[in-house]
Amino acid sequence: MDLKNIVLISFGYFGKELSEIISRDVEHEFSLPVILQEGHWDLSEFYNPLRRQYDANRLLDKIDESFATINSKTIGLFNVDLFIPILTYIFGQAYLNGRCGIASVYRLSNERYGIINDDQILVNRFRKEVIHELGHTFGLIHCTNTTCVMRSSTYVEDIDQKKHFLCHKCRSVLEKNHLSQD
Ligand SMILES: [Zn+2]
Ligand SMILES: [Zn+2]
């Protein structure tokens, strides 16, 4: 496999600054160029009226079908409330060792929890989420290191505890996986 780049597709408006910070950090973490794109989908077909949320499994499949290529890792960026059947909500998900993932900013803002908004905190959380999902596409599983970006997060507080980069152990797995794919 000849991996050429990482593609971030925004479905919704995230602001230039947010997209640029995230793409810079992603580029740095995975040493691959990042291409920013915009997606224009009518998300209503993914909406589940009973849960009033969006079906993350179907969104992920659709990204895979419509955008993913063998030479890229593709992440769809959303601003809707994502769910999978077994969980109340998710921040994002990805195919392990696959071509794509999704992440949503929806549950990451302080405003969502009745606290005053802070753009810095939001950017920080979102970049961790995006890097986390990308890590899965590179074959990384959840890490037990408290500050590693690959640690699983249920609440935003969990995200705040970790850094936006891989620990040494995950980095060496990434490098090993990456080399063996070439
Ligand atoms: Zn995960
Ligand atoms: Zn780790």
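These exercises work through the fold of one predicted protein model, from its overall shape down to single residues.

Residues are numbered from 1 along each chain as its sequence is written, and chains are lettered from A and ligands numbered from 1 in the order in which they are written. In this predicted model, local features need pLDDT of at least 70 and side-chain atom pairs count only at pLDDT 80 or more, while totals for chains, interfaces and linings use all residues.

**Exercise 1. Overall shape**

Task: Compare the radius of gyration of the protein with that of a compact globule.

Solution:
- Step 1. The radius of gyration is taken over C-alpha atoms, and the globule rule is 2.2 Å times the number of residues to the power 0.38.
- Step 2. For 182 residues, a compact globule would come out near 16 Å. The protein has 15 Å, which agrees.
- Step 3. Turn to the extent of the C-alpha trace. Along the principal axes it spans about 45 × 35 × 35 Å.

**Exercise 2. Secondary structure**

Task: State how many helices and strands the protein has, and give their pattern.

Solution:
- Step 1. Helices (H or I, at least four residues) and strands (E, at least two) are DSSP runs, numbered from the N terminus.
- Step 2. The protein has five helices and nine strands.
- Step 3. Along the sequence the pattern reads β-α-β-β-β-α-β-β-β-β-β-α-α-α.

**Exercise 3. The sheet of five strands**

Task: Give the strand order of the five-stranded sheet, then find its edges.

Solution:
- Step 1. Two strands pair if DSSP finds at least two bridges between them.
- Step 2. The sheet is open, with order β2-β1-β5-β9-β8 and mixed pairing.
- Step 3. β2 and β8 each have a single partner strand, so they stand at the edges with one side lacking a neighbour in the sheet. From one strand to the next, the twist averages 15°.
- Step 4. Go to strand β5 (residues 72-78). β1 (residues 5-10) pairs with β5 in the parallel sense over six bridges. There Ser10 stands opposite Leu77. β9 (residues 100-104) also pairs with β5 in the parallel sense, over five bridges. Phe78 stands opposite Ser104 of β9.
- Step 5. A residue is buried if 20 or more other C-beta atoms lie within 10 Å of its own, exposed if 12 or fewer, and partly exposed in between, with C-beta atoms placed from the backbone. Six of the seven residues of β5 are buried, so the strand is largely enclosed by the rest of the structure.

**Exercise 4. The sheet of four strands**

Task: Do the same for the four-stranded sheet, giving its order and edges.

Solution:
- Step 1. This open sheet has the order β3-β4-β6-β7, with mixed pairing.
- Step 2. β3 (47-48) and β7 (87-90) stand at the edges, because each has a single partner strand.
- Step 3. β3 pairs with β4 (residues 53-55) in the antiparallel sense over two bridges. Tyr47 has Tyr54 of β4 as its bridge partner.

**Exercise 5. Helix α2**

Task: Locate the buried residues of α2 and say what covers them.

Solution:
- Step 1. The buried residues are Ala56, Leu59, Leu60 and Ile63. They fall within an arc of 100° seen down the helix axis, so they line one face. The arc is that of the directions from the helix axis to the C-beta atoms.
- Step 2. The cover includes β4, β5, β6, β7, β8 and β9.
- Step 3. Angles run from 0 to 180 degrees between N-to-C directions, with axes as lines fitted to C-alpha atoms, for helices over the stretch in contact. α2 (residues 56-66) lies across β4, β6 and β7, at about 45° to β4. α2 also lies across β5, β8 and β9, at about 135° to β9.

**Exercise 6. Core and edge**

Task: Describe the largest nonpolar core, then contrast Leu134 with Leu36 by their contacts.

Solution:
- Step 1. A nonpolar core is a set of buried Ala, Val, Leu, Ile, Met, Phe, Trp, Tyr and Cys residues joined through C-beta atoms within 7 Å.
- Step 2. The largest has 43 residues. Leu8, Ile75 and Leu134 are among those with the most contacts inside it. α3 gives the most to this core, with six residues.
- Step 3. Two residues are in contact if their C-beta atoms, placed from the backbone, lie within 7 Å. Beyond four places in sequence, Leu134 touches Ile6, Val26, Phe30, Lys73, Ile75 and Gly101.
- Step 4. Leu36 lies in strand β2 (residues 34-38). Leu36 is partly exposed, because 16 other C-beta atoms lie within 10 Å. Leaving aside neighbours within four places in sequence, its contacts are Leu8, Ser19 and Ser23.
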